[in-house]
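Here are some short exercises to work through with the coordinates open beside you. Try each task on your own before reading its solution.

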Amino acid sequence: MKINVALLTISLCCVNPVFSQVRLAPDNALEHQIYKSGLIHSPLPLDPSKSYETIGLQKTILQSKSLDISSDLSGWSHSGWGQMTYNTDKNISGKGSLKLAFATSTGKRAVGSPGDPDYATYGNARVSYHVGGENWEAYNRISFSIYPDCDGARVVNMNLTFENDQTNDKPGYNRPSGSHLINLKNKQWNQCFLDIDEYQRDHVMRIGFDTALKGRDRTTGDTAVYYISSLELQQIENPEIVSGWMPAVNRIVYSTTGYLTGSPKTAVVNIDKDKHNGAFQLINTKDEKIVFEGAIKQEQTTLGTFNVVDFTAFNQQGEYHLKVGEIITPAFLIHDRVWDNSLWRVLNYIFCQRCGYPVPGVHSTCHLDLCSRHDGKMISYAGGWHDAGDLSQQTLQTGDVTFALLESYNKLKETNMPLAMRMLEEAEWGLEFILRNRYGDSYRASSMGLLIWQDGIFGTQDDITSVRVQNLAFDNFLYSGYEAYAAMTINRDPMLQEYLVKVAKEDFAFAMEKFKKDGFGGFIHFYEHTYNTSESQYMATISWAASMLYKLTKESYYAEIAAEYIQYTLDCQRKEPLKDRNKTKGFFYRNKTRQSIVHYIHQSREQVYMQAMVALCETQPHHPDYSKWAESIRLYGDYLKSLVPYTAPYGMISSGVYHIEEYKDSVGFYNLHLFPPANAKELYTEQVKKGVKLDKEHYLKRFPVWFNIFNGNTAIHLSVGKAAAICGRFLNDKELLDIGQEQLQWVVGKNPFGQSLIYGEGYNYPQLDSFSSGEIVGAIPVGIRTLGNEDIPYWPQTNNACYKEVWVTSAGKWLSLIAEY
């Protein structure tokens with residue numbers, strides 16, 4: 001008997017008074033989609049109508065030049081798997097196309113580098129058009145169409161590569177070459193483009209189209225075919241900006257999702273003076289009536305002079321436009337549940353990243369034959385969530401996301417029960433993975449870098465048994481805290497609760513034994529995102545985990561550990577003011593030597609400092625050190641407030657204070673900056689000096705210092721936003737709570753590019769680098785990076801890793817921050 005899950009869900013919601021009294025989401029269309037998905041048991045449908053790409057196709061073309069594909073394929077070459085032919089069957093407007101066809105199986109094992117042999121694909125199929133050094137500076141876009149005809153392929157994509165002669169760098173351009181991932185729809189023509197305004201293109205050598213062979217999902221056919229047609233150079237009007245703090249001309253940048261009632265409501269305007277009268281209007285979309293008016297204010301900040309509109313005083317729930325002159329924004333919400341739409345969408349993304357589970361329209365049950373080995377035992381590593389755009393896994397990353405889902409459940413269970421229960425279900429999926437990968441002797445399967453789909457059959461050539469296994473004290477401390485929190489949260493499975501209490505205590509004991517023996521460090525695998533952990537963060541983590549266990553068990557041993565180990569972290573906090581105008585203090589050093597300050601470049605757990613302090617204050621309010629903990633929270637909160645002016649009129653929180661010679665802490669420096677160039681110290685100094693000088697030794701950086709592929713700001717500033725909200729809640733400080741809200745607003749459009757970084761959320765969201773699982777509603781990337789050694793935001797259309805790569809860590813940070821409101 002086949003059951004229609006969507007209809008069953010609707011029926012249940014119609015008869016259940018608990019459900020019928022609750023709107024799933026403020027967005028009516030989204031609510032209907034949620035029901036049709038069975039409350040996110042199949043993916044939400046994509047809506048490309050509001051995407052960056054659809055909006056970009058509407059731009060005016062001023063001139064163009066066709067790059068015709070001739071029948072003899074003159075100028076084209078092929079490399080890698082498959083073959084290239086000319087085709088007239090699949091064409092647009094009678095123009096022929098280039099056909100790239102290849103078998104989806106090579107019959108060989110995927111082999112990578114000697115240091116990481118299982119992080120590999122089966123190769124590539126590539127075609128290249130050799131331009132011969134032409135000057136394309138008269139054009140700022142490449143337009144083309146692709147028709148994938150790939151039997152059984154649920155996910156199809158291609159990379160466009162662009163290469164200029166790199167022997168002669170020319171000022172005024174950001175890059176001479178690049179690779180751009182294009183997510184495609186199978187068995188139909190896809191009109192695509194890449195804006196190349198930032199590319200040096202005075203001597204273009206070639207452009208190429210390629211796709212990787214990543215193994216076969218269950219439905220994948222024997223061959224893959226891609227047709228490429230209608231190549232054209234274009235000059236478009238008003239290309240998008242890709243770097244800097246000033247929005248594009250005649251643009252209003254705002255939170256495209258909307259604004260929480262009672263929170264700051266501002267937008268940044270860059271509209272020619274002759275196109276407005278100095279005022280703005282807020283218009284209700286229901287009747288198009290003006291509900292609020294105000295003057296555009298000019299603000300001089302450390303970034304320059306900006307025009308800002310402020311409608312914070314308006315708090316009536318509804319859907320609105322902003323209007324300045326003739327420029328009108330798309331609709332957005334003012335609502336006390338404004339972020340619920342995004343919670344559903346980001347939850348959808350997390351669900352679609354499930355490993356070892358058949359995700360409809362994305363993949364079948366996967367990676368059953370991916371295993372770890374330890375002490376004569378073997379565990380399948382299928383489960384949890386794929387970490388990013390590839391198919392890698394990190395158990396602790398799954399732990400982080402599981403904790404965020406549980407936080408969301410606890411926050412939502414009184415206000416949105418359907419969403420809360422779905423958060424709980426997804427958390428239980430992650431929790432099962434964390435528990436299943438315990439070997440029971442302090443060791444755990446910890447991570448795997450992976451790029452391929454496997455056949456799920458044991459004993460075939462694509463079996464992998466190289467999943468990393470380790471006994472790491474830091475990881476076990478965090479697991480114990482997450483397990484304790486889960487035991488206090490999940491009350492519908494008493495036996496699971498009982499087991500969670502047991503393993504939480506065991507994992508804490510394993511961690512303490514290892515820590516007392518080996519001390520800090522022990523981080524072996526630099527691909528795991530605990531490698532950069534500082535001593536002060538480590539001790540805060542021990543304290544927080546101990547507080548969770550004390551809250552769970554009421555055993556004084558854990559309270560004593562929590563209070564004892566936080567002292568090290570307190571000793572690392574800067575209590576003496578710097579010699580700057582603001583007398584800055586309150587930040588944390590990596591360790592007691594105070595050579596370097598705590599920073600992050602990719603993954604961030606900065607919130608743990610305040611989680612630990614607040615947990616101590618809440619669980620041990622009569623402890624003699626209570627005042628020290630409370631003062632630490634106040635100091636750190638004041639520090640965060642001091643950072644706000646440096647990114648005004650935007651709300652993104654700055655990376656923070658840097659010492660000019662932090663590289664002298666060589667251990668901390670190279671643990672943080674993986675794969676550093678030979679001149680890393682010089683680059684560090686140059687980047688730091690691009691910030692704001694505070695005193696002779698300290699600078700304020702808006703973005704982190706970074707010089708490798710691991711960069712992007714989303715997890716970093718959302719973690720700090722979480723810390724601000726934790727402080728604000730404890731101190732009853734609205735200014736700190738507002739800092740957290742501003743981090744959310746930055747992500748969904750109140751940034752210089754006016755783009756939402758969450759696919760399907762708000763407006764003007766770009767394609768993201770999700771080369772394994774395809775475009776997914778709610779996907780959120782690593783985040784906005786900087787241009788070169790500058791301290792300015794950089795967010796080009798060019799879609800590649802790591803900044804535009806989707807990441808479950810960013811999704812978890814999003815849920816965790818919203819759980820504070």
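How many salt bridges does the structure hold? The structure holds 48 salt bridges, where a salt bridge is a side-chain nitrogen of Lys or Arg within 4 Å of a carboxyl oxygen of Asp or Glu. Before going on, note that this is a predicted model, in which local features need pLDDT of at least 70, side-chain atom pairs count only at pLDDT 80 or more, and totals for chains, interfaces and linings use all residues. Residues are numbered from 1 along each chain as its sequence is written, and side-chain values use heavy atoms, with hydrogens and water left out.

**Exercise 1. Follow some of the salt bridges and place their partners.**

Step 1. Begin with Asp-340, whose side chain meets that of Arg-337 in a salt bridge at 2.6 Å, N to O. Asp-340 is buried, with a relative accessible area of 7%; buried means under 20% relative accessible area, exposed over 50%, and partly exposed in between, with a 1.4 Å probe and protein chains only.

Step 2. Next, take Arg-444 and Asp-507, whose closest N and O atoms are 3.3 Å apart. Arg-444 belongs to strand β25 (residues 444-448) and Asp-507 to helix α9 (residues 494-518), so this salt bridge ties together parts that are 63 residues apart in sequence. Helices (H or I, at least four residues) and strands (E, at least two) are DSSP runs, numbered from the N terminus. Both Arg-444 and Asp-507 are buried.

Step 3. Now find Lys-641 and Asp-733, a salt bridge with its closest N and O atoms 2.5 Å apart. Here the pair links distant parts of the chain, 92 residues apart: Lys-641 sits in helix α13 (residues 626-643), and Asp-733 in the loop between α16 and α17. Asp-733 is buried, at a relative accessible area of 16%.

Step 4. Finally, look for shared partners: salt bridges join Arg-438, Arg-444, Glu-483, Lys-502, Glu-506 and Asp-507 into one network.

**Exercise 2. Work out how helix α18 is enclosed, and what Trp-814 touches.**

Step 1. Check burial along the helix: 11 of the 11 residues of α18 (residues 808-818) are buried, so the helix is largely enclosed by the rest of the structure.

Step 2. Identify the cover. It includes α5 (340-352), α6 (395-412), α7 (417-436), α16 (714-731) and α17 (734-747).

Step 3. Zoom in on Trp-814. Leaving aside neighbours within four places in sequence, Trp-814 is in contact (heavy atoms within 4.5 Å) with residues including Trp-339, Val-346, Leu-718, Leu-744 and Ile-780.

Step 4. Place Trp-814 in its core. The largest nonpolar core has 161 residues, and Trp-344, Trp-544, Met-610 and Trp-814 have the most contacts inside it. A nonpolar core is a set of buried Ala, Val, Leu, Ile, Met, Phe, Trp, Tyr and Cys residues joined through side-chain atoms within 4.5 Å. Another core, of 54 residues, lies apart from it, with Tyr-129, Cys-150, Leu-370 and Trp-453 among its members.

**Exercise 3. Locate Arg-201 and list its polar contacts with backbone oxygens.**

Step 1. Arg-201 is in the loop between β9 (190-195) and β10 (204-212). Arg-201 is buried, with a relative accessible area of 4%.

Step 2. A polar atom of the Arg-201 side chain lies 2.6 Å from the backbone oxygen of Tyr-139. The Arg-201 side chain also reaches the backbone oxygen of Asp-197, at 3.1 Å.

**Exercise 4. Trace the pairing around strand β21.**

Step 1. Sort the side chains of β21 (residues 332-335): Phe-332 and Ile-334 point one way, Leu-333 and His-335 the other, and all are buried.

Step 2. Strand β13 (residues 258-260) runs parallel to β21 and is joined to it by 3 bridges; two strands pair if DSSP finds at least two bridges between them. Tyr-259 has Ile-334 as its bridge partner in β21.

Step 3. Strand β19 (residues 318-324) pairs with β21 in the antiparallel sense over 3 bridges. The bridge partner of Gly-318 in β21 is Ile-334.

**Exercise 5. Find some unusual backbone angles.**

Step 1. Recall that most residues other than glycine have a negative phi, and most peptide bonds are trans.

Step 2. A cis peptide bond joins Ala-648 and Pro-649, with omega about 15 degrees. The bond from Ala-801 to Cys-802 is cis too, with omega near 10 degrees.

Step 3. Asn-764 has a positive phi of about 65 degrees and is buried, at 6% relative accessible area.

How values were computed: A polar contact is a pair of N or O atoms within 3.5 Å; within protein, one must be able to donate a hydrogen and the other to accept it, and residues adjacent in sequence count only if both atoms are side-chain atoms.
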